[in-house]
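Reader: I would like to go through this structure by question and answer. Please begin with the helix packing.

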Amino acid sequence: MRTDTIFYQLFQILPEVLFELLGQPSELAQSYQFVSQEVKELAFRFDGIFLPRSLEQAIYFVEVQFQPKPEFYWDLFTEIFVYLGQYRPEQDWQVVAIFAERKLDPGVPKHYRGLELSGQLHIFYLEDLIEQETSSIGIGILQIVLAKESLAYEVAQRVLQRVRRQPSPDSNQLLELIEKVIVYKFSRLSRAELEAMFFTMDDLKQTRYVQDLIAEGEQRAEQRAEQRVEQIARNLLRMGMDSAQVADITGLSIQQVIALGDP
């Protein structure tokens, strides 16, 4: 599963998820801009950076790890310090390391333990969220990602119900993100099967995928209608009607009718 794109979209749509993980008021997200910035010397891009709108609040560097990586902390802190050297922000900074499971955490090297002890480094294990009761849509989406397939159906249904009960300007994007997670999670099933299992017709009408299909269908229907009118016009011309008469009957312009009659 491409967790990097899923988490990037999740933080874009629901930046409050970070502060829910940190145990801070979700309203803090309104004071931040979520971005993805590159560390040029290393050709590295953070999973996400929360940039505060004021100098009093800290920058949050966020990195998500779903695969074993023994050098995780070495690379992460190297990248952070290079970033700080490049951009030289005035604000203080914090680090949020998010692991899918505890076993993926290689342990903080002793050279960086001071950051952990000082509270500047925050470590989370998403496996702890799987059975957590929550009303948060963002945490619920994380639970879909993490749940075993046998439980993911029930979790996804609960999250979709919350989205339906709490409509917002972001509802369309949330439905698209949930659809993406479900497609990855249930890779054995076709998109049509998944849509029948999880989504109502109202849900689907809000997703970009289905909107594109509807638009494509309408375009094809329009093309077919135009082709039908043109065929009628050709038949009338063959019957001996002049261009003006055919234009009057079909609604085409005389120029279009003349063009249709050209060999």
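Author: This is a predicted model. The first pair to consider is H1, residues 3–13, and H7, residues 171–185, whose axes come within 11 Å and cross at roughly 160 degrees.

Reader: Are H1 and H7 roughly parallel or roughly antiparallel to each other?

Author: The axes of H1 and H7 cross at roughly 160 degrees. Angles over 145 degrees count as roughly antiparallel. The two helices, H1 and H7, are therefore roughly antiparallel.

Reader: Is the crossing of H1 and H7 left-handed or right-handed, and which residues meet there?

Author: The crossing of H1 and H7 is left-handed. On the H1 side, the residues are Ile6, Gln9, Leu10 and Ile13; from H7 they meet Gln173, Leu174, Leu177, Lys180, Val181 and Tyr184.

Reader: How many nonpolar, polar and charged residues does the contact of H1 with H7 have?

Author: Sorted by class, the contact of H1 with H7 has one charged residue, two polar and seven nonpolar.

Reader: How do the axes of H1 and H5 cross, and what does that make H1 relative to H5?

Author: The axes of H1 and H5 come within 11 Å, and their crossing angle is roughly 170 degrees. With the cut-off for roughly antiparallel set at over 145 degrees, H1 is roughly antiparallel to H5.

Reader: Which residues make the contact of H1 and H5, and how many of them are charged?

Author: H1 contributes Ile6, Phe7 and Leu10, while H5 contributes Gly138, Ile141, Leu142 and Val145. By class, six residues in the contact of H1 with H5 are nonpolar and one is polar; the number of charged residues is none.

Reader: How many residues of H5 are buried, and what covers them?

Author: H5 spans residues 137–146 and is mostly covered, with 10 of its 10 residues buried. Among the buried residues of H5 are Ile137, Gly140, Gln143 and Leu146. The cover over the buried residues of H5 includes H1, H2 (16–21), H6 (149–165) and H7.

Reader: Where is Thr134, is it buried or exposed, and what does it touch?

Author: Thr134 sits in the loop between strand S7 (121–125) and H5. Its relative accessibility is 17%, so Thr134 counts as buried. Not counting residues up to four places away in sequence, Thr134 touches Ile139, Gly140, Gln143 and Arg162.

Reader: Which residues touch the most other members of the largest nonpolar core?

Author: The largest nonpolar core has 71 residues. Those that touch the most other members are Phe11, Leu18, Phe46, Phe50, Phe61, Ile80 and Ile141.

Reader: With which residues is Ile80 in contact, and what other core lies apart?

Author: Leaving aside neighbours within four places in sequence, Ile80 is in contact with Phe46, Phe61, Trp93 and Val95. Another core, of seven residues, lies apart from the largest one; among its members are Leu236, Val246, Ala247 and Leu252.

Reader: How do H11 and H12 cross, and which residues make the contact?

Author: The axes of H11 (residues 243–250) and H12 (residues 254–261) come within 9 Å and cross at roughly 115 degrees. The crossing of H11 and H12 is right-handed. The contact is made by Ile254, Val257 and Ile258 of H12 with Ser243, Ala244, Val246 and Ala247 of H11.

Reader: Is Phe99 buried or exposed, and how many Å in space are Phe99 and Phe124 apart?

Author: Phe99 lies in strand S6. Its relative accessible area is 0%, so Phe99 is buried. Leaving aside neighbours within four places in sequence, Phe99 has contacts that include Gln65, Phe72, Tyr73, Leu104 and Phe124. Phe99 and Phe124 are 25 residues apart in sequence, and from C-alpha to C-alpha the separation in space is 6.1 Å.

Reader: What is the phi of Arg88, and where does Arg88 lie?

Author: Most residues other than glycine have a negative phi. Arg88 is not a glycine, yet has a positive phi of about 45 degrees. With a relative accessible area of 68%, Arg88 is exposed. Arg88 lies in the loop between H3 (72–87) and strand S6 (93–99).

Reader: How many helices and strands does the chain have, and what percentage of its residues count as buried?

Author: The secondary structure of the chain comes to 12 helices and seven strands. Of its 263 residues, the share that count as buried is 43%.

Key. Residues are numbered from 1 along each chain as its sequence is written. This is a predicted model: local features need pLDDT of at least 70, side-chain atom pairs count only at pLDDT 80 or more; totals for chains, interfaces and linings use all residues. Side-chain values use heavy atoms; hydrogens and water are left out. Axes are lines fitted to C-alpha atoms, for helices over the stretch in contact, and angles run from 0 to 180 degrees between N-to-C directions. Helices (H or I, at least four residues) and strands (E, at least two) are DSSP runs, numbered from the N terminus. Angles under 35 degrees count as roughly parallel, over 145 as roughly antiparallel, 65 to 115 as roughly perpendicular and the rest as oblique. A crossing is left-handed if the near helix is turned anticlockwise from the far one by less than a right angle, and right-handed if clockwise. Contact means heavy atoms within 4.5 Å. Ala, Val, Leu, Ile, Met, Phe, Trp, Tyr, Cys and Pro count as nonpolar, Asp, Glu, Lys and Arg as charged, and the others, Gly among them, as polar. A nonpolar core is a set of buried Ala, Val, Leu, Ile, Met, Phe, Trp, Tyr and Cys residues joined through side-chain atoms within 4.5 Å. Buried means under 20% relative accessible area, exposed over 50%, partly exposed in between (1.4 Å probe, protein chains only).
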